[in-house]
Amino acid sequence: MNDLLTQIENIVGPEGVLHGDDARARSGDWLGRTPCLAKAIVRPENTDETAAIVKLCNEHAQPIVPAGGLTGLARGAVANETEIMLSFERMKAIEEVDPVGRTMTVQTGAPLQAVQEAAGDYNMMFPIDLGARGSATIGGNIATNAGGNQVIRYGMMRNQVLGLEVVLADGAVLSSMNKVLKNNSGYDLKHIFIGSEGTLGLVTRAVLRLSPQPKSENTALLAIDDFSKLTTFFEFVGERFADTLNAFEVMWKEHYQIVAVASGRHQAPMEAGHAFYVVVETTGVDERHDSEHFTTVLSEAIEAGLVADAVIASSKAQRGMIWAIREDIEALAAVLLPGAVFDVSLPISAMDAYTRTITREIAAAWPDNNRVVIFGHLGDGNLHIGATASPWTVDVHNRIENIVYGPLAAVGGAISAEHGVGLEKRNFLNISRTEEEIALMRMLKGALDPKNLFNPGKVLAI
């Protein structure tokens with residue numbers, strides 16, 4: 001072990017450093033298909049240890065790659081043989097829950113699901129929710145400004161963070177653990193670090209904003225046969241449900257066919273073949289009234305010819321079955337990998353033409369061996385796209401990326417809606433950001449991390 005790792009081990013103890021075969025035994029990606037290549041995995045237990053590690057690494061010009069639950073899809077936590085991976089897996093404490101002030105204070109490695117459950121113990125909720133909730137960590141959610149299934153009502157992770165504690169590149173600790181909703185006392189520094197993917201500072205603790213636990217929950221799966229009816233239906237439920245609309249998720253027919261029917265992993269609630277399958281969910285405060293209103297609104301949509309078929313969940317188990325189809329990424333991965341996955345956002349009005357264009361262009365380039373699957377949080381303008389063609393090569397990957405990303409600039413779209421940029425998308429950053437914006441990003445990086453030691457090469461090319 002070199003001198004730096006010996007000094008780090010003196011800080012975190014022998015159990016706090018993994019190297020050699022122990023490090024290689026760890027996964028380097030969310031699917032577990034590649035080993036971790038980092039020369040060591042360092043696992044601090046608190047902010048002080050993290051700061052001491054960073055100070056040493058700064059003195060030795062040692063690059064650091066921060067890691068949470070490794071559920072990201074943009075290769076934002078990939079470490080090479082010259083880098084140390086700093087894992088927050090031992091920093092998962094939920095320090096305090098304040099149901100009156102509606103806040104929770106946690107360490108960065110706390111799993112999202114643990115935070116949700118802790119909030120539930122106090123009849124509160126933490127509204128960020130996504131399929132990887134059991135593995136994804138709060139620090140990772142902050143680093144990527146995660147979105148998930150309820151953004152349409154509660155907003156992104158940025159909206160749920162009141163305060164942060166951050167270790168800076170020289171080992172200094174910026175502790176801004178604000179607990180109040182209103183604080184206009186100068187610059188709101190937390191926003192520099194939220195969504196920065198660990199390139200500007202390492203978040204070690206956070207104050208999260210909680211919301212009251214809903215008293216009612218109503219969920220339905222609906223089939224719709226064309227995009228104009230889909231958008232009309234979205235407007236319709238938006239007007240009728242107003243701010244009780246919790247989710248509006250859409251699966252294109254290929255997604256439903258693969259996951260609900262062909263995978264054999266689910267009991268399909270309705271027949272395949274419709275153009276779109278929509279998960280609509282509302283939450284409220286009056287169980288009987290909300291349920292009746294939910295049923296009435298959907299019945300009116302069916303009578304108006306907007307909806308071809310509908311299944312309303314009558315229990316939590318049935319709700320879980322509906323959401324399981326939407327969230328079964330493993331079933332999609334079995335069909336689409338090797339392939340490319342995308343996380344784009346664009347105006348809803350541009351979605352139909354956009355999806356038709358990319359599907360048509362991919363089919364034209366690989367007419368006999370392509371597959372495109374589209375689904376996502378249509379209500380907040382975010383689509384997830386999976387595409388593959390065989391034989392899969394680097395050139396095929398690059399060509400598909402250009403097909404998917406190319407049209408976004410013309411419609412004001414973004415190459416990353418909620419997954420971050422990482423290594424995967426950095427070469428396309430200029431599609432979504434102007435030269436001036438990228439120049440300012442580089443200025444911030446240079447000011448906060450002058451030696452380029454925090455997650456080097458992510459977001460911005462070196």
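## Helix α10 and its two sides

Which residues are exposed on the other side of α10? They are R288 and E303. This is a predicted model, so keep that in mind as we go through three helices, two cavities and one strand residue.Helix α10 itself covers residues 287-303, 17 residues in total. From first C-alpha to last it reaches 24 Å, close to the 24 Å expected at 1.5 Å a residue. Its buried residues are D290, F294, V297, L298 and A301. Looking down the axis of α10, you'd find those buried residues within an arc of 90°, so they line one face of the helix. What do the buried residues of α10 pack against? Their partners are the strands β12 (216-224), β14 (276-284) and β15 (309-312), along with α8 (227-241). Just after the helix comes G305, which takes a positive phi of about 80°.

## Helix α13

Helix α13 runs over residues 351-365, which makes 15 residues. Its reach from first C-alpha to last is 21 Å, close to the 21 Å expected at 1.5 Å a residue. Buried here are M351, Y354, T355, I358 and I362. These buried residues cover an arc of only 95° around the axis, which puts them on the same side of α13. Flip to the other side of α13 and you get the exposed residues A353, R356, R360 and A364.

## Helix α14

With 12 residues, helix α14 (residues 394-405) reaches 16 Å from its first C-alpha to its last, close to the 16 Å expected at 1.5 Å a residue. The buried residues in α14 include V396, H397, I400 and E401, and I403, V404 and Y405 are buried too.

What covers the buried residues of α14? The cover includes α13, which we just met, and two strands, β16 (340-345) and β18 (382-389). The helices α15 (408-411) and α16 (429-432) are also part of it.

## Cavities

Now for the empty space. Rolling a probe the size of a water molecule over the atoms shows where such space is left. How many cavities of 30 Å³ or more turn up in a search of the whole structure? There are two.

The largest cavity holds about 40 Å³ of space. Lining it are L164, V166, L174, S176, L189, K190 and F193. If you sort that lining by class, you get five nonpolar residues, one polar and one charged. As for where the lining comes from, β8 (161-167), β9 (173-176) and α7 (190-193) each supply at least two of its residues.

In the second largest cavity there is about 30 Å³ of space. L73, V341, F342, D343, H419, E424 and K425 line this one. By class, the lining of the second largest cavity has three nonpolar, three charged and one polar residues.

## D98 on strand β5

Last stop is D98, which sits in strand β5 (residues 94-98). D98 is partly exposed, and its relative accessible area is 29%; anything from 20% to 50% falls between buried and exposed. How far is the C-alpha atom of D98 from that of H266? The separation is 39 Å, for two residues that are 168 residues apart along the chain.

Methods
Residues numbered from 1 in each chain as written. Predicted model: local features only at pLDDT ≥ 70, side-chain atom pairs only at ≥ 80, totals over all residues. Heavy atoms only, no water. Helix = DSSP H or I, 4+ residues; strand = E, 2+ residues; numbered from the N terminus. Expected span 1.5 Å × (residues − 1). Buried < 20%, exposed > 50% of the residue type's maximum accessible area, 1.4 Å probe, protein only. Arc of directions from axis to C-beta. Contact = heavy atoms within 4.5 Å. 1 Å grid on protein atoms, 1.4 Å probe; cavity = no way out; pocket = protein on both sides within 12 Å on 5 of 7 lines; lining within 4 Å. Points joined across faces, edges and corners; volume = space filled by probe spheres on them. Nonpolar A, V, L, I, M, F, W, Y, C, P; charged D, E, K, R; others polar.
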